[in-house]
Amino acid sequence: MKLLEGKTVLVTGGSTGIGRAAAIGAARHGANVAINYASSDDKAASCVAEIEALGQRGLAVKGDVALPETATDFVSKAVAAFGRVDVMVSNAGICPFHAFLDMPVETVDRTFRVNLHGAYYMVQAAANQMVKQGEGGAIVAVSSISALVGGEYQTHYTPTKAGLHSLMQSAAIALGKHGIRCNSVLPGTILTEINKDDLADQDKRDRMTARIPLGRLGESEDLAGPIVFLASDMAAYVTGAALLVDGGAFVNLQ
Ligand SMILES: NC(=O)C1=CN([C@@H]2O[C@H](COP(=O)(O)OP(=O)(O)OC[C@H]3O[C@@H](n4cnc5c(N)ncnc54)[C@H](OP(=O)(O)O)[C@@H]3O)[C@@H](O)[C@H]2O)C=CC1
Ligand SMILES: C[C@H](O)[C@@H]1OC(=O)[C@H](O)[C@@H]1O
């Protein structure tokens, strides 16, 4: 069964990792998909090629989500190409690991701007388009298990993920009257570009893996099903929810 037949899905940060898996997962479920990305032209083009190989239409739009105008540009280009917006997956993010006490101001500022401000602008731009269309819609934010737990080298990052979780709760209230559902996924540790260097430390990797009841770190594709589900009518009565996708890491205290 195809869950997103005929829908238009927008994904920020769709060139690699979780965003790419979500974009391809949506195409597999019958959606036309527009992706935003920052700099990886070749990877964005190959994502579009994969979407098209699945028989769907794809579009890549380059832009820095930290800038408010990127959001309106992305939505208007997607509408020009596909006529509408049914789903926004706000996924783009960075995590430049760094110690707390000497954290550079620029690193804090950039991480907040990309991860939180960027998501805010994207969600707002998509919601305005959905309200204009008058037929509701779905927004899925890629938050993190880090919305709920801390990280020594992530003091600038975890607050952005908690912020996203909170944004989906407030947006669910603000947009419910328009039939727009807002939910987040909370991935655990997923093997992508964002943590390639961090997980090159085998001890750390082993420790992270040992905490996971399902016995392995996540793959980007592990997020595709949960994101497609929350985007689809299967989740028609789900809004303001947060779905952990972490192999059970969060609940594993002892
Ligand atoms: N991997 C993990 O363990 C976890 C990841 N997450 C979250 O998942 C999301 C995706 O990360 P993940 O797939 O792991 O990492 P990747 O590094 O593989 O993907 C990041 C994506 O975001 C894009 N991006 C980065 N900065 C910007 C920007 N300023 N404007 C537009 N696009 C941008 C990248 O584009 P480009 O390639 O062009 O730079 C890329 O498409 C992030 O929000 C992250 O916080 C949450 C929990 C766990
Ligand atoms: C990038 C990290 O490995 C990853 O990001 C998250 O949000 C998870 O909590 C992991 O720490």
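Which side chains meet in a salt bridge with an N to O distance of 3.2 Å? The legends below address this point, and they describe a predicted model.

**Figure 1. Salt bridge between the side chains of Arg20 and Glu50.** The pair formed by Arg20 and Glu50 has a separation of 3.2 Å from N to O. Arg20 belongs to helix 1 and Glu50 to helix 2, which spans residues 41–53, so the contact ties together parts of the chain that lie 30 residues apart in sequence. In total, the predicted structure holds 10 salt bridges.

**Figure 2. Surroundings of ligand 1.** The shell around ligand 1 contains 33 residues, of which Ser39, Ser40, Asn91, Tyr157 and Thr192 come nearest. By residue class, this shell divides into 12 nonpolar, 17 polar and four charged members. Helix 1 (17–28), strand 2 (32–37) and helix 4 each contribute at least two residues to the shell.

**Figure 3. Polar contacts of ligand 1 with Ser40, Val65 and Tyr157.** The side chain of Tyr157 places an N or O atom 2.6 Å from an oxygen atom of ligand 1. For Ser40, an N or O atom of the side chain is 2.7 Å from an oxygen atom of the ligand. Val65 takes part through its backbone, with an N or O atom 3.0 Å from a nitrogen atom of ligand 1. On its own, ligand 1 exposes 900 Å², and the protein buries 92% of that area.

**Figure 4. Surroundings of ligand 2.** Ligand 2 is enclosed by a set of residues comprising Phe97, Ser144, Ile145, Ser146, Gln154, Tyr157, Gly188, Thr189, Ile194 and Asn195. Four of the residues in this shell are nonpolar and six are polar, while no charged residue is present. Tyr157, listed here around ligand 2, is also one of the residues that come nearest to ligand 1.

**Figure 5. Polar contacts of ligand 2 with Ser146, Gln154 and Asn195.** A polar atom in the side chain of Ser146 lies 2.5 Å from an oxygen atom of ligand 2. The side chain of Gln154 likewise has a polar atom at 3.0 Å from an oxygen atom of the ligand. In the case of Asn195, a side-chain N or O atom is 3.1 Å from an oxygen atom of ligand 2. Ligand 2 alone has 290 Å² of accessible area, and 90% of this is covered by the protein.

**Figure 6. Lining of the largest cavity.** The structure holds one cavity of 30 Å³ or more, and the space within the largest cavity is about 30 Å³. Its lining consists of Thr12, Val65, Ser90, Ala92, Val114, Asn115, Gly118, Ala119 and Met122. Helix 4 (residues 105–133) provides the largest share of this lining, namely five residues. The lining divides into five nonpolar and four polar residues, with no charged residue among them. Val65, a member of this lining, also makes the backbone contact with ligand 1 at 3.0 Å.

Notes:
Residues numbered from 1 in each chain as written. Chains lettered and ligands numbered in written order. Predicted model: local features only at pLDDT ≥ 70, side-chain atom pairs only at ≥ 80, totals over all residues. Heavy atoms only, no water. 1 Å grid on protein atoms, 1.4 Å probe; cavity = no way out; pocket = protein on both sides within 12 Å on 5 of 7 lines; lining within 4 Å. Points joined across faces, edges and corners; volume = space filled by probe spheres on them. Helix = DSSP H or I, 4+ residues; strand = E, 2+ residues; numbered from the N terminus. Nonpolar A, V, L, I, M, F, W, Y, C, P; charged D, E, K, R; others polar. Near = heavy atom within 4 Å. Polar contact = N/O pair within 3.5 Å; in protein donor to acceptor, adjacent residues only side chain to side chain. Areas by Shrake-Rupley, 256 points an atom, 1.4 Å probe, with all protein chains shown as cover. Salt bridge = Lys/Arg side-chain N within 4 Å of Asp/Glu carboxyl O.
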